[in-house]
Amino acid sequence: MAEENAPRPPAPPAAPSAPSGHSGPPSGGGYQGRSGPGGPGGPRPQGGRPGGPAKRGKRSFMRKKKVCRFCVDKSDFIDYKKAEILAPFLQERGKILPRRMTGTCARHQRWLTVAIKRAQNIALLPFAAEL
């Protein structure tokens, strides 16, 4: 019974479960590396975000695939004389919008560029905006 009530010596510090990633001294102070326990603001709280539970990973944002409206209409020719069709593909400054903004396919973007330039040459569309 006397052995059970005797004070125990302090337990040795627990070894880290994963390698720390740096070869510096374990408690030398100063720079702890990326896997160290603290940073400029101290150690991070384990509870997660203040508004709710901790979130794992990045947010999954599914961007809607842009579809070429000329492919949907199955048009084989983009008419340069129809300025109302070509106007949405021009910026206010007169520049042609790129494919990543309009969603047109590569073939129709080339045809669209030719049609816009032809319409500008016969003054159906402006070359540049009035300043």
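In the predicted model, L125 is found in the segment that follows helix α5, which spans residues 106-121. L125 counts as buried because its relative accessibility is 7%, under the 20% that marks a buried residue. Setting aside residues up to four places away in sequence, L125 is in contact with A83, L86, A87, L90, I116, A119 and Q120. One of these residues, A87, stands 38 residues from L125 along the chain, yet the C-alpha atoms of the two are separated by 7.4 Å.

L125 also belongs to the largest nonpolar core, a set of 12 residues in which it is joined by C68, F70, I78, A83, L86, F89, L90, L112, A115, I116 and A119. Two or more residues of this core come from each of α3 (83-86) and α5, and α5 makes the largest contribution, with four residues. Another member of the core, F70, has contacts with S75, I78, I85, F89, T104, H108 and L112, again not counting residues up to four places away in sequence.

The confidence of the prediction varies among the elements of the protein, the mean pLDDT being highest for α5, at 95, and lowest for strand β1 (residues 38-39), at 61. Over the protein as a whole the average pLDDT is 78, and 61% of the residues score at least 70. Predicted coordinates should not be read in detail where pLDDT is low.

Notes. Residues numbered from 1 in each chain as written. Predicted model: local features only at pLDDT ≥ 70, side-chain atom pairs only at ≥ 80, totals over all residues. Heavy atoms only, no water. Buried < 20%, exposed > 50% of the residue type's maximum accessible area, 1.4 Å probe, protein only. Contact = heavy atoms within 4.5 Å. Core = buried A, V, L, I, M, F, W, Y, C linked by side-chain atoms within 4.5 Å. pLDDT = per-residue confidence, 0-100.
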